[in-house]
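Here is a short round of questions and answers on a ligand and the pockets of a protein. Take a look at the model before reading on.

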Amino acid sequence: MSAPSQARLRGFITRTTDLRPVADLPDIRLHTASDVMALMALTGRELGLADPPLPFWAFPWAGGLGVARYVAAHPETVAGRSVLDLATGSGLCAIVAARAGAAHVAAADIDPFAEAAVTLNARANEVEIAFMRGDLTQGSPPDAEVILAGDVCYESAMAAAIVPWLERAAGSGSTVYLGDPGRTYLPQGLTEVGRYRVRTTRELEPTTERDVGVYRMGAALPL
Ligand SMILES: C[S@@+](CC[C@H](N)C(=O)[O-])C[C@H]1O[C@@H](n2cnc3c(N)ncnc32)[C@H](O)[C@@H]1O
């Protein structure tokens, strides 16, 4: 079966989610679901898959909420810069970066639903985001001045691919901000630059609030 078109996926997202403000970032609205399991079943039906992936794109995740709060509180970290939001999901971090005055914002994810969600969420928040579909960690890091990565350390193989790639990006001049609520594969020894208590949902987490660290790799860019 061929992949559904982006237009079809956008229609699916519009039907199955509500446009809601993000907790503690009330100016940002995202197409958000309320029942992860029900949405996952609908996603499977839409794609003809018995075992569909989690609808990551339908929620702001704790790590992304931390990065988004940090960028909103420190717009100078992205203002006038080129920014990449790796593993963007809903596009939350990319949207906040664009709102904070980034010169150019790209968002990357492997999930075709994320592309459709980012398109809709960018439109809802009146920002422009260039979407890149695919696994950028298979190649050299791009020359973005700032790379944002929210909640990318929850799976062993994923963290094993993404974390060294982020370290390489930091080594070649990008400043990376990684947000994480203490997932299993978060590396030790990162430089913490912020900590936020974020409001999330029992649909995704064991508690409705999580403490999220925001960690910087690479040097802070000069103001
Ligand atoms: C937990 S979600 C986080 C989404 C968003 N950053 C946030 O914090 O709300 C993880 C995302 O990583 C994406 N992902 C997984 N492996 C990836 C890879 N190698 N490259 C890009 N995205 C990836 C998934 O599709 C999913 O959208």
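Q: How far does a backbone N or O atom of Ala-87 lie from a nitrogen atom of the ligand?
A: This is a predicted model, and the distance is computed from it. Ala-87 is one of the residues that come nearest to the ligand. The pair joins a backbone N or O atom of Ala-87 and a ligand nitrogen, and a pair of N or O atoms counts as a polar contact within 3.5 Å. Here the distance is 2.7 Å.

Q: Which residue has a polar side-chain atom 3.1 Å from a nitrogen atom of the ligand?
A: Gly-64 uses a backbone N or O atom, 3.0 Å from an oxygen atom of the ligand. The contact asked for involves a side chain and a ligand nitrogen. That residue is Asp-135.

Q: How much of the ligand's area does the protein bury?
A: Polar contacts to the ligand include the one from Asp-135, at 3.1 Å. Taken alone, the ligand exposes 600 Å². Of that area, the protein buries 95%.

Q: What classes of residue make up the shell around the ligand?
A: The shell holds 15 residues, with Trp-61, Gly-64, Ala-87, Asp-109 and Gly-150 nearest. By class, they are seven nonpolar, four polar and four charged.

Q: In which pocket does the ligand sit?
A: One pocket has a volume of about 600 Å³. Its lining counts 29 residues, and those closest to its centre include Ala-87 and Asp-109. Both residues are also among those nearest the ligand. The ligand sits in the largest pocket.

Q: Which element gives the most to the lining of the largest pocket?
A: The lining has 16 nonpolar, seven polar and six charged residues. Elements that give two or more residues are β3 (82–86), α4 (92–99), β4 (104–109) and α6 (156–171). With three residues, the top contributor is α6.

Q: Which strand gives the most to the lining of the second largest pocket?
A: This pocket holds about 220 Å³ of space. Its lining has 14 residues, and Thr-32, Pro-60, Arg-199, Thr-200 and Thr-201 lie nearest the centre. By class, the lining is seven nonpolar, four polar and three charged. Three lining residues come from strand β1.

Note on methods: Residues are numbered from 1 along each chain as its sequence is written. This is a predicted model: local features need pLDDT of at least 70, side-chain atom pairs count only at pLDDT 80 or more; totals for chains, interfaces and linings use all residues. Side-chain values use heavy atoms; hydrogens and water are left out. A residue is near a molecule or strand if one of its heavy atoms lies within 4 Å of it. A polar contact is a pair of N or O atoms within 3.5 Å; within protein, one must be able to donate a hydrogen and the other to accept it, and residues adjacent in sequence count only if both atoms are side-chain atoms. Accessible areas come from the Shrake-Rupley method with a 1.4 Å probe; for residues, only the protein chains shown count as cover. On a 1 Å grid over the protein atoms alone, a cavity is a set of points where a 1.4 Å probe fits but cannot get out, and a pocket is an open set with protein on both sides within 12 Å along at least five of seven lines; lining residues have an atom within 4 Å of a point. A molecule sits in a cavity or pocket if more than half of its atoms lie within 2 Å of its grid points. Ala, Val, Leu, Ile, Met, Phe, Trp, Tyr, Cys and Pro count as nonpolar, Asp, Glu, Lys and Arg as charged, and the others, Gly among them, as polar. Grid points are joined across faces, edges and corners, and a volume is the space filled by probe spheres set on the points. Helices (H or I, at least four residues) and strands (E, at least two) are DSSP runs, numbered from the N terminus.
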